[in-house]
Amino acid sequence: MKSLLSKSLLSLVAAVLFVGCAALRTSSTPSSNVIQASIDLVGIEDDKVEITITPPPMKVESTVFYIPQIVPGTYEYSNFGRFVEDVKAFDKKGNEMELISLDQNSWEIVKPKKLAKISYKVNDTFDGPDGQEIYPMGGTDFQEGEVYLLNLHSMIGYFEEMKESSYKLSVSSPKDLEAFTSLPARSTSDSLDVFNAERYFHIIDNPILYSKPNAVSFDLDEIKVGLAIYSPSDVHQATDYQPAIEEMMKAQKAFLGDANDTPSYDILLHLMNMDALQYFGGMMGALEHHTSTTVVFVDAMGAGELTQSLVDVVSHEFFHTLTPLNVHSEEIHNFEYNRPLMSQHLWMYEGTTEYFANLFQINQGLIDAPDFYNRMMEKITLAQRYDDTMSFTEMSAGIVDEPYQANYGNVYQKGALINMCLDILIREKSGGSKGILWVMKNLAEKYGKEKPFKDEDLIPEIVAMTYPEVGAFFETHLVGTAPIDYDTYFAKVGLINGEVDSPLRSIIFANSTQLFFSPQPNAEGELQFVVNQLNASIEAMGMQVGDVLLGMEGERFPEINQENGGKINALLTPSIRWEANKIISFTVARDGEELELSGKVGTPTATAKGLLEDPAAAESTVELRKAWLYN
Ligand SMILES: [Zn+2]
């Protein structure tokens, strides 16, 4: 997963995919063992979708029907049973049978031999009660006749001991919406799509986006890539983003080499409106699957911002095809959806993935070295929000509970930095020839999709294939609790601390995390936005520290209070999509006078602590740096 605060089938045109897959996959499973699941997106009532599950005849004396408590890639309790209501069991004559609700996510079927079907209604997470507690990219969005984002783990359940049974999933859908998914289809039509899932895991691993057709597909070496977009404003068209995705994935393939053999990859991009973004507290991001990813961003993003966010986030998700998908422990391989057992190795599943999502961009020339250094420095800054003395392996194993859960976000910050240090260390010891990518390739070759490692064996195995110093690093900083002195590792590759011009997300920022103004009370105790830091663009317009910001683009901020938060956000947010040549204006008060300041957005930057290449570095050090970044 990758989450960030305010980043499809990529499909083959649906028909092509469906026909192809239908021919390939329909034959195998005898229908008597198949669990039939049906979803009705047409007869939606009160924003709830009706689901029916028809199992094969059961021989057991009792069984339990589960909706997942937790799903792979999320590392938190989701309790998707919260979104399910009116669960009923019926016998073959249509009589209602006894069902015992065991907890939020499970229902015991008292006489399963008589069971014909289970039915229930499902709320979506985008506006259901408690929905904001689910990451939007792992949630469901039902907008009648407009769009359906189906993360099926929130909709379809499984029976005890029957996770390995195959499913036939039928979806009744509105005529003008098309399905985009990597789930193989056995048949499709205007009103009914029927999909196959080999086992319950495939139900979870293949989300579906129903929306108006807005998709592209293209071949990239040996991989078929699809991108489908739902854009409420219709501003964002899949064809516009194909070149960037193509360039990115080509670069990823070049970076990974033979470590990747994914045959197809679909990107389902759901762009939410501002209300939804606010509902989720600004949370956006993506969730990984074996052959697809669900990405949720906000429709208000400009094309430039959306492109860069797609590159950062989708590349992260695609690198998950390396780990955990091809290198994972038994805990992940035999995932328990309702009894979570966690692996110690989030430093790898998320940390290595996030590190590669940045490293490949410099390695393949998509970004330059200063940009890469800034990204690492930003991670050091963001990692300070978390407990730097918490053992990373201990945190990982306990991640679903506190105090670990509150530190989850650090897997993308310190987790990536741990990999950077390991990479530099292994490069140093191997004279530049090997790094963490070499380690991962070896692990992927040895293990792969179907062969998990034992959780406790991973670190010794990596140490055995590398150097004792790597073992000491793991012992001290990963299993152990000693914070990392990053400067030691930067020094090995000739980088020193200094001041740099750091690019900002938008003109209203002063650094990577703060705006250029903050609310402060005036003499009467009323809150005002006071300018307390500048960036290059607003400084060029004549903004000064101490100015009181009254409004922007001709509009005034309302009274600053909790209640008006939404209105204030609505005024500020368009700035993230402003392009460099746009002329904008701010209204400020200075010394009792009102001023209108205006100028070009430009490329907002601010002076920040950053990394510089040491001009006095020895030649061997510079060589090591090049090996680290470009080999
Ligand atoms: Zn991830």
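The largest cavity of this predicted model is lined by Tyr75, Ile332, Phe335, Leu341, Met342, Ser343, Leu346, Tyr349 and Ser396. The enclosed space amounts to about 50 Å³. By class, the lining of this cavity comprises 7 nonpolar and 2 polar residues, with no charged residue among them. The second largest cavity has a volume of about 40 Å³ and is bordered by Thr74, Glu76, Ser78, Phe80, Ile134, Tyr135 and Gly138. Its lining divides into 3 nonpolar, 3 polar and 1 charged residues.

Helix H17 covers residues 619–630. For the 12 residues of this helix, a rise of 1.5 Å a residue leads to an expected span of 16 Å, and the separation of the end C-alpha atoms, 16 Å, therefore agrees with that expectation. The buried residues of H17 are Thr621, Leu624, Arg625, Ala627, Trp628 and Leu629. The cover over these buried positions is provided by both helices and strands: among the covering elements are helix H7 (346–363), helix H8 (369–383), helix H10 (414–429) and helix H14 (486–492), together with strand E23 (495–503) and strand E30 (605–613). Leu346 and Tyr349, which belong to the lining of the largest cavity, fall within the residue range of helix H7, 346–363.

Strand E9, formed by residues 115–123, is mostly covered, with 7 of its 9 residues buried. Two pairings of this strand are described here. Strand E3 (residues 48–54) runs antiparallel to E9 and is joined to it by 6 bridges; within this pairing, isoleucine 51 has tyrosine 120 of E9 as its bridge partner. Strand E5 (residues 84–91) also pairs with E9 in the antiparallel sense, over 6 bridges. Here phenylalanine 90 is matched with lysine 117 of E9.

A buried loop position was also examined. Serine 173 is located in the loop that connects strand E13 (167–172) with strand E14 (178–181). The relative accessible area of serine 173 is 2%, and the residue is therefore classed as buried, the cut-off for that class being under 20%. When neighbours within four places in sequence are left aside, the contacts of serine 173 are Leu41, Val42, Asp190, Ser191, Asp193 and Tyr210.

Methods
Residues are numbered from 1 along each chain as its sequence is written. This is a predicted model: local features need pLDDT of at least 70, side-chain atom pairs count only at pLDDT 80 or more; totals for chains, interfaces and linings use all residues. Side-chain values use heavy atoms; hydrogens and water are left out. On a 1 Å grid over the protein atoms alone, a cavity is a set of points where a 1.4 Å probe fits but cannot get out, and a pocket is an open set with protein on both sides within 12 Å along at least five of seven lines; lining residues have an atom within 4 Å of a point. Grid points are joined across faces, edges and corners, and a volume is the space filled by probe spheres set on the points. Ala, Val, Leu, Ile, Met, Phe, Trp, Tyr, Cys and Pro count as nonpolar, Asp, Glu, Lys and Arg as charged, and the others, Gly among them, as polar. Helices (H or I, at least four residues) and strands (E, at least two) are DSSP runs, numbered from the N terminus. The expected span of a helix is 1.5 Å times one less than its number of residues. Buried means under 20% relative accessible area, exposed over 50%, partly exposed in between (1.4 Å probe, protein chains only). Contact means heavy atoms within 4.5 Å. Two strands pair if DSSP finds at least two bridges between them.
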